[in-house]
Amino acid sequence: MAYINDNYLKLKAGYLFPEIGRRYRAFAAANPSAKIIRCGIGDVTEPLAPAVITAMQKAVGEMASRETFKGYGDEQGCDFLREAIAKHDYQSRGCDIAADEVFVSDGSKCDTGNILDILGHNNVIAMTDPVYPVYVDTNVMAGNTGASNDKGEYAGLVYLPTTAENNFTPELPTRRVDVIYLCYPNNPTGAVATRETLAKWIAYAKANDTLILYDAAYYAYITDPAIPHSIYELPGGRDVAIEFRSYSKTAGFTGTRCAYTVVPKSVTGKAADGSRVDFHRLWNRRHTTKFNGVAYIVQRGAEATYSAEGKPQVKATIDFYMQNAAIIRKTLAELGLKVYGGVNAPYIWLKTPNNLKSWEFFDKLLSEAHVVGTPGSGFGAAGEGYFRISAFNSRANVEEAMNRFRTRLKI
Ligand code: MLT
C-alpha cells in the first residue's frame, strides 16, 4: 500500500482557475445560446510576435539536419538566452546580475512552487493577502501549514492583508518571518511597488535574515518610469531576493512555455548546522536533477523578444492589452464601481457593488451579462468583496463585455 501525501487533503476544493472553468462549463451547458466572454484567467489572446515566429521557424529548420540538430541542452538554459536576459532585462537597468545566475524554465508557476524544494520546513512564511494562489497551495502541499479555517486561511502562514484600506501596500510583518512572497506588479490587485516600498522590504529582509521570493511576472506592464521593474534595481536586492519572471505575459508565451528564475549567488540561507549556504548552489542542483531544460526552439523564440525587430513588436502587444485595461477601467468607473489596478498591470481589481460576496458577484455577472471574471476571495480571505477582470482579450471581446456591464448588469 502506498501512503498518500496527506497535506493534499488540507487543500480547499479545486485550484481557483479550474473551479472557475467548472462553473463556466456548467453555465454554458445549461445556457447553450449564451455567448460567454471570459475575462477570468489571465491568458493571452494575441499571436506571438512575428520576430518570435521567424526565430522559432529557423530553429525548427536546424532540427531538420544532422549538422545543426540539438539534443539535450543545458538544464539551466542555453547560454545565448541566459546572456540575453542578463544583458537586456538586468544589466541595461543597472542590475548586477550575471548570466549564470539565470535559470531558464518552463514557467513561473512551476518555479514559484518548486522553489520550496530548496527551503526547509521550519520556516515562518509570509504572503500578502490576496495573493497568487500557487504560493499558498504549494506550501500546503509541502506540509508547511496546518489546516485552513472557514475563511480559507491556513494555520502557520503569516498573511499580510492588502486592501483599499492600506492602499494595497501591506504593512511589514509584526513578527519575524523567514520567507516573504512579494508579487509586483501585483496579481490580483494590479498594485505596484515604488522604490521606497521595495527599499523598506529589503531593509526588513536584511534586518531579519528573511528571504524575499519576488514574482515579477508582470513587470512589462509597468507604464510609470519611476516604478522598478526588478527588485535588483534597489541596493541590497541581490543579497536577499530570488526573482521570478516569465515570457507568458511579457511575450504571449502562455502556451509556448518559457520563463526564468534569477538566483543571485549572494543570497544565502542557514543549514541545520548553522552554516550559510547559497541558494544558487541548491537551485542549480535541483534544476539539473529534476528538469531537462526548455525546448531549444522555444528558447530561440524567447531570445527573439530582445532583437531589434522583436522588442517593438512585443511592446506593441503589451500596449494593446493596456489599452484594453484602460477601456475596462474607464467603463467600470463610469458605472460607479470602485476600480483599482489596470494602470501598471493587466488586471483591474474592483470592489463588488452592494457589498456582494466575490462568488455572488461572479454568479451575477455570469448569469446577467454572460461575462466570466475572477472572484477576489479565490485569492485569499482579504480578497473577499473584490473581483478581478483581466485585460487579456481581443478588443472586440473587451468592448462587448463592457457593453454588457453597461446594459445587462443590474447594479
Ligand atoms: C492568472 O490569471 O492569475 C494567471 O494567468 C495565472 C497564472 O499565470 O498561472
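**Notebook: two cis bonds, two sheets and a ligand**

I began with Pro-130, which has its place in the loop between β3 (125–129) and α5 (133–141). Helices and strands here are DSSP runs, numbered from the N terminus (helices: H or I, at least four residues; strands: E, at least two). The model is predicted, so I noted the limits: local features need pLDDT of at least 70, side-chain atom pairs count only at pLDDT 80 or more, and totals for chains, interfaces and linings use all residues. Residues are numbered from 1 along each chain as its sequence is written, and side-chain values use heavy atoms, with hydrogens and water left out.

**Peptide bonds and phi**

I looked up the bond between Asp-129 and Pro-130: it is cis, with omega about 5°. A cis bond also joins Asn-187 and Pro-188, where omega is about 20°. Pro-188 sits in the loop between β5 and α6 (195–208).

Next I checked Asn-167, in the loop between β4 and β5. Its phi is near 55°, a positive value although the residue is not glycine. I noted these cases because most residues other than glycine have a negative phi, and most peptide bonds are trans.

**The sheet of seven strands**

I traced an open sheet of seven strands in the order β2-β8-β7-β6-β5-β3-β4, and its pairing is mixed. Two strands count as paired if DSSP finds at least two bridges between them. Which strands stand at the edges? They are β2 (102–105) and β4 (157–161); each has a single partner strand, so one side of each has no neighbour in the sheet. From one strand to the next the twist averages 20° (axes are lines fitted to C-alpha atoms; angles run from 0 to 180 degrees between N-to-C directions).

I then took one pair from this sheet. Strand β5 (residues 179–183) and strand β6 (residues 211–215) are parallel and share five bridges. Ile-180 stands opposite Ile-212 in β6.

**The sheet of four strands**

Another open sheet has four strands, in the order β11-β12-β15-β14, with antiparallel pairing. At its edges are β11 (339–341) and β14 (374–375), each paired on one side only. Strand β12 (residues 347–351) runs antiparallel to strand β15 (residues 386–390), and five bridges join them. I found Phe-387 of β15 as the bridge partner of Leu-350.

**The ligand**

I listed the residues around the ligand (a heavy atom within 4 Å of it): Phe-17, Ile-41, Gly-42, Tyr-132, Asn-187, Tyr-218, Lys-249, Tyr-347 and Arg-388. Where does the ligand lie? Domain 1 (13–47 + 311–407) and domain 2 (53–304) both give residues to its shell, so the ligand lies between them. The domain bounds come from an automatic or database assignment.

I looked for polar contacts, here pairs of N or O atoms within 3.5 Å. A backbone N or O atom of Gly-42 is 2.6 Å from a ligand oxygen atom. A side-chain N or O atom of Asn-187 lies 2.8 Å from an oxygen atom of the ligand, and for the side chain of Arg-388 the distance is 2.7 Å. Taken alone the ligand exposes 260 Å², of which the protein buries 86% (Shrake-Rupley method, 1.4 Å probe).

How values were computed:
Polar contact = N/O pair within 3.5 Å; in protein donor to acceptor, adjacent residues only side chain to side chain.
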